[in-house]
Structures are given as structure tokens and as C-alpha cells.
Amino acid sequence: TMSGAAEPAVRWALDDDARTAASADQAHILAQAWGSDPEIGVFGGTLCAVPFVRTTTDGLVMHGSLAYCNGGGLREGSPRPGVCLVHTAVGPQDLYLRWRAHALATRGYVVLIADL
């Protein structure tokens with residue numbers, strides 16, 4: 001988990017058995033870098049991170065996480081561009097992916113991390 005003043009306002013839900021990085025050392029480094037990211041640190045809004053589940057008409061269930069920010073100069077209810085991030089072998093719980101999603105969200109994007 002991350003600690004410090006620059007910590008995201010919303011914690012991502014983690015599965016107990018989920019890998020968040022290639023190693024514990026890498027997870028620690030990523031958490032520190034995310035917590036001290038200067039671009040995220042100056043953003044005055046709130047990160048919203050929610051599970052995303054959709055079922056197609058033919059029954060296919062799709063999973064992911066959706067990240068966006070409110071406040072900090074971003075107008076609520078206004079149209080926003082979207083970005084889809086796809087995970088590496090680490091999986092959709094990857095701290096680097098979530099850090100990048102948070103950074104993009106502070107710039108006004110709605111970010112989907114697809115769970116493939």
C-alpha cells in the first residue's frame with residue numbers, strides 16, 4: 001500500500017492473491033514513485049477508481065477497472081476523452097498501470113484498464 005501526503009484519495013481494490021508487480025522490490029519502488037509523482041501531487045481533485053463489468057448481448061462478461069478524476073479544474077458532466085490500457089504479464093492489478101491511469105485521469109481522461 002502507499003503512504004504519504006500524495007497518496008491517491010481512492011484505493012484500488014486488490015485481490016488478496018493478485019500480483020501488483022514483478023517482485024516485492026519493484027512494487028515498493030512503484031508505490032514510492034506513484035506517491036511522489038509531481039504531476040499528480042499538484043492536482044487538487046479526487047481520483048475515482050471503480051470496477052467495470054459489462055455483459056454483451058451474447059453473454060460474454062468483460063471485466064476491468066475505470067479511473068477518472070473529479071475536481072481540480074475538471075468540469076463534472078463534461079465530455080472527456082477515453083483511453084484503454086492493457087496489462088502486461090503482471091496482470092490488471094499492476095501498480096504501474098494504475099499509476100499511469102491515475103496520471104491520465106488527472107489530465108481529464110477516463111481510463112479503462114482492461115482485464116484480458
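Which residue in E2 is the bridge partner of Val50? In this predicted model, the bridge partner of Val50 in E2 is Leu66, and this pair belongs to the 10 bridges that join E1 to E2, two strands that run antiparallel. The pairing offers a starting point from which the rest of the architecture can be described.

The protein chain contains three helices and four strands, and, read from the N terminus on, its elements follow the pattern α-α-β-β-β-α-β. Of its 116 residues, 35% count as buried. Among the contacts in the protein chain with a separation of 6 or more, 65% are accounted for by residues that stand 24 or more positions apart.

The four strands form an open sheet in the order E1-E2-E4-E3, with mixed pairing. Strand E1 (46-55) and strand E3 (82-86) have a single partner strand each and stand at the edges, so one side of each is left without a neighbour in the sheet. From one strand to the next, the twist averages 25°. The hairpin of E1 and E2 has five residues between the strands, and in this hairpin Gly59 takes a positive phi near 95°.

The remaining pairings involve strand E4. Five bridges join E2 and E4, which pair in the antiparallel sense, and here Ala67 stands opposite Val111 in E4. Between E3 and strand E4 (residues 110-115) there are likewise five bridges, but these two strands pair in the parallel sense. Two residue pairs illustrate this arrangement: Cys84 stands opposite Leu112 in E4, while the bridge partner of Leu85 in E4 is Ile113. In a regular strand the side chains alternate between the two faces of the sheet.

Helix H3 (residues 95-106) lies across E1, strand E2 (61-70), E3 and E4, and runs at about 45° to E2. At 1.5 Å a residue, the 12 residues of H3 should span 16 Å, and the end C-alpha atoms of the helix are 17 Å apart, which agrees with that expectation. Nine of the 12 residues of H3 are buried, so this helix is largely enclosed by the rest of the structure. The buried residues in H3 are Leu95, Leu97, Arg98, Trp99, Ala101, His102, Ala103, Ala105 and Thr106. The elements against which these buried residues pack are H1, helix H2 (38-41), E1, E2, E3 and E4.

How does H3 lie with respect to helix H1 (residues 24-35), and at what angle do the two helices pack? H1 and H3 pack at an angle of about 10°, and their axes are 9 Å apart. Since angles under 35 degrees count as roughly parallel, H1 and H3 are therefore roughly parallel to each other. On the side of H1 the contact is made by Ala27, Leu30, Ala31, Ala33 and Trp34, and on the side of H3 by Leu95, Tyr96, Arg98, Trp99 and His102. By class, the residues in the contact of H1 with H3 are eight nonpolar, one polar and one charged.

One of the H3 residues in this contact, Tyr96, can be considered in further detail. Tyr96 lies in helix H3 and has a relative accessible area of 44%, so it is partly exposed, given that this class extends from 20% to 50%. Although Tyr96 and Leu30 are 66 residues apart along the chain, their C-alpha atoms are separated by 6.4 Å.

Two residues of the loop between E2 and E3 were also considered. Arg75 has its place in this loop, and its relative accessible area of 64% means that Arg75 is exposed, because exposed residues are those over 50%. The C-alpha atoms of Arg75 and Gly108 are separated by 9.0 Å, while along the chain the two residues are 33 residues apart. Ser78 lies in the loop between E2 and E3 as well, and, with 22% relative accessibility, Ser78 counts as partly exposed, because only values under 20% count as buried. Ser78 and Gly108 are 30 residues apart in sequence, and the distance in space, C-alpha to C-alpha, is 9.9 Å.

Technical notes:
Residues numbered from 1 in each chain as written. Predicted model: local features only at pLDDT ≥ 70, side-chain atom pairs only at ≥ 80, totals over all residues. Heavy atoms only, no water. Pairing = 2+ DSSP bridges. Axes fitted to C-alpha atoms, helices over the stretch in contact; angles between N-to-C directions. Contact = heavy atoms within 4.5 Å. Parallel < 35°, antiparallel > 145°, perpendicular 65-115°, else oblique. Nonpolar A, V, L, I, M, F, W, Y, C, P; charged D, E, K, R; others polar. Expected span 1.5 Å × (residues − 1). Buried < 20%, exposed > 50% of the residue type's maximum accessible area, 1.4 Å probe, protein only.
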